[in-house]
Amino acid sequence: MNDDLGWNKIFGAILGTALVILGLTIAAQMIYAPHKAAKMGDAIAVAEDTSGPGAAAVDTPPDWGTVLPTADVAAGAQVSTKCASCHTFTNGGADGTGPNNWGVIGRQPGSKPGFAYSTAMQDFGKKVSKWDYDHLYLFLANPQSYISGTKMSFVGLKKPEDRIALIAWLRQQSSSPAPIPAPNPKAAAAAAGAATAQAGAAAPAPAAGTKVPETGVNATAPVSAAAGAATGSAGQTGSGAAAAPKTDKTAPGAPPK
Ligand code: HEC
């Protein structure tokens, strides 16, 4: 009896050891095999091409001519207290962790003299000539995903109404507030349609629309309209990109070394 139990323990130990070794071997294969696939970079590049516009289209900026005149500026001032640990918004205020943001709407990103911006923000300023309503709206939703590498470590303002109120307030923290565009009911409808998802609005040319966030700086109304139109297809682009990584799962054939 005692003997049997002893052997059971020994066999158990051997079996356990074998299982551990097998597990380690499989783990090693999983870790090292994908490096041979070398095509990974391609798949990632494709996914990244769609992520910017896709993200932008999901969170479509509103029609500023419609929302700004009625925005709750006082609520925006309240929201700005979340920025106050790093930014001043007064005329001539000091830079802190972030730059003074008096008159930031209309300013070129990464351009305030005397502030040491990240290269990510400076590069963004080379692509986008000024902070306008749309770019601020998208940036403030999630700064680090919108400008990867920015040193603004702030989680972002999830609620569109918070961002709209804040931007309406921010607009007034300036010696020459940016103009409010004329209302564009069509764009407003498109943005609203995008917000409630689907609805398909029957608008054409999503391909052109997906490029807009990079280039369209002044054309506020068309940006909103195109972005709204793009929303429907953006979901599909996303699932297409998600399907792409399947090509990476080619590893099983490769023998371990
Ligand atoms: C934890 C600190 C921190 C908080 C909180 C913060 N920011 Fe920033 N912000 C920064 C830093 C740092 C930069 C410079 C980013 C860079 O160079 O990459 C910056 C940059 C910016 C810029 C670009 C300025 C320019 O000159 O291009 C804007 C606009 C901005 N912040 C707005 C806001 C707003 C609005 C809030 C509140 C909702 C906020 N930030 C909250 C640290 C912060």
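**Exercise 1.** Determine which residues come nearest to the ligand, and how the shell around the ligand divides by class.

*Solution.* Of the 26 residues around the ligand (C-beta atom, placed from the backbone, within 6 Å of it), those that come nearest are Cys83, Cys86, Gly98, Ser118 and Met152. Sorted by class, the shell holds 13 nonpolar, nine polar and four charged residues, where Ala, Val, Leu, Ile, Met, Phe, Trp, Tyr, Cys and Pro count as nonpolar, Asp, Glu, Lys and Arg as charged, and the others, Gly among them, as polar. This is a predicted model, in which local features need pLDDT of at least 70 and side-chain atom pairs count only at pLDDT 80 or more, while totals for chains, interfaces and linings use all residues. Residues are numbered from 1 along each chain as its sequence is written.

**Exercise 2.** Check the length of helix H8 (residues 160-172) against its expected span.

*Solution.* Helices are DSSP runs (H or I, at least four residues), numbered from the N terminus, and the expected span is 1.5 Å times one less than the number of residues. The 13 residues of H8 should therefore span 18 Å, and the end C-alpha atoms are 19 Å apart, which agrees.

**Exercise 3.** Classify Pro69 as buried or exposed.

*Solution.* Pro69 lies in the loop between H3 and H4. A residue is buried if 20 or more other C-beta atoms, placed from the backbone, lie within 10 Å of its own, exposed if 12 or fewer, and partly exposed in between. Pro69 counts as exposed because it has 10 C-beta neighbours inside 10 Å.

How values were computed: Helix = DSSP H or I, 4+ residues; strand = E, 2+ residues; numbered from the N terminus.
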